[in-house]
Amino acid sequence: MKPDPSDLSRHATDLGLLFLRVAASVLLLVVHGLPKIVHYTAEAAAIEDPFHLGRTLSILFAIFAEVVCPIFMIVGLYPRLAALPVMVVTLVALVFVHPDWPLRDAQFAWMLLILFGTIALAGAGRYVLPLPGIVRRRD
């Protein structure tokens, strides 16, 4: 009995979404999130505060977007919602903090927007960690 091609396609899509979620999240964690935690004092002193909300609030939001949200992404917990803070921080950096960056300098930020924007649109796929008390929609 041959497998249904639509089943194979669905599994490939879900596997691709899993790879996208995990790879993008690990990249964000390693490059931006963990350094903000490890070097918190220096990062907090250096962070831009384009809306004058205070450096503490700015660094805490950045840590939430670059550490907490990627962890949610990896396990598949509310991935569409978790993608939004990442996209907000990235857009703020591109539009308000570094508006003079040429594409060459901004390519990592644009890549993050593309990766997390794709997750915001497509969702987690079926491969997520089962968490107690969390009811997931079945496709």
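## Overall architecture

The chain comprises five helices and zero strands. Read from the N terminus, its elements follow the order α-α-α-α-α. The coordinates belong to a predicted model. Along the principal axes, the C-alpha atoms occupy a box of roughly 60 × 35 × 20 Å.

Of the 139 residues in the chain, 34% count as buried. Where contacts join residues at least 6 apart in sequence, 69% of them connect residues at least 24 apart.

## Surface and charge

The accessible surface of the chain amounts to about 8,800 Å². Carbon and sulfur atoms account for 70% of that surface.

Among the side chains, 11 are positive and 10 are negative. The centres of these two sets are separated by 10 Å. Side chains of opposite charge can pair when their charged atoms come close. In this model, the count of salt bridges comes to three.

## The network around aspartate 14

Two of the pairs involve aspartate 14, and they are described here together. Arginine 10 forms a salt bridge with aspartate 14, with 3.4 Å between the closest N and O atoms. Both arginine 10 and aspartate 14 belong to helix α1, which covers residues 5-38. They are four residues apart, or about one turn of the helix. Aspartate 14 has a relative accessible area of 0% and is therefore buried. Arginine 10, at 26% relative accessibility, is classed as partly exposed because this value falls between the limits of 20% and 50%.

Aspartate 14 also forms a salt bridge with arginine 126, and here the closest N and O atoms are 2.8 Å apart. This pair links distant parts of the chain: arginine 126 lies in the segment after α5 (103-122), whereas aspartate 14 is in helix α1. The two residues are 112 residues apart. Arginine 126 has a relative accessible area of 31% and so counts as partly exposed.

## The link between helices α1 and α3

Glutamate 66 forms a salt bridge with lysine 36, and their closest N and O atoms lie 2.8 Å from each other. Glutamate 66 is located in helix α3 (residues 55-75) and lysine 36 in helix α1, so the pair ties together parts that are 30 residues apart in sequence.

Are the partners of this pair buried or exposed? Glutamate 66 has 7% relative accessibility and lysine 36 has 9%, so both count as buried, the limit being under 20%. As for shared partners, salt bridges join Arg10, Asp14 and Arg126 into one network.

## Isoleucine 71 in helix α3

Helix α3 also contains isoleucine 71. What is the accessibility class of isoleucine 71? At 43% relative accessibility, isoleucine 71 counts as partly exposed, because the value lies under the 50% limit for exposed residues and over the 20% limit for buried ones.

Isoleucine 71 and valine 22 are 49 residues apart in sequence. In space, their C-alpha atoms are 8.9 Å apart.

Notes
Residues are numbered from 1 along each chain as its sequence is written. This is a predicted model: local features need pLDDT of at least 70, side-chain atom pairs count only at pLDDT 80 or more; totals for chains, interfaces and linings use all residues. Side-chain values use heavy atoms; hydrogens and water are left out. A salt bridge is a side-chain nitrogen of Lys or Arg within 4 Å of a carboxyl oxygen of Asp or Glu. Buried means under 20% relative accessible area, exposed over 50%, partly exposed in between (1.4 Å probe, protein chains only). Contact means heavy atoms within 4.5 Å. Accessible areas come from the Shrake-Rupley method with a 1.4 Å probe; for residues, only the protein chains shown count as cover. Lys and Arg count as positive and Asp and Glu as negative; His and the chain ends are not counted. The place of a charge is taken as NZ of Lys, CZ of Arg, CG of Asp or CD of Glu.
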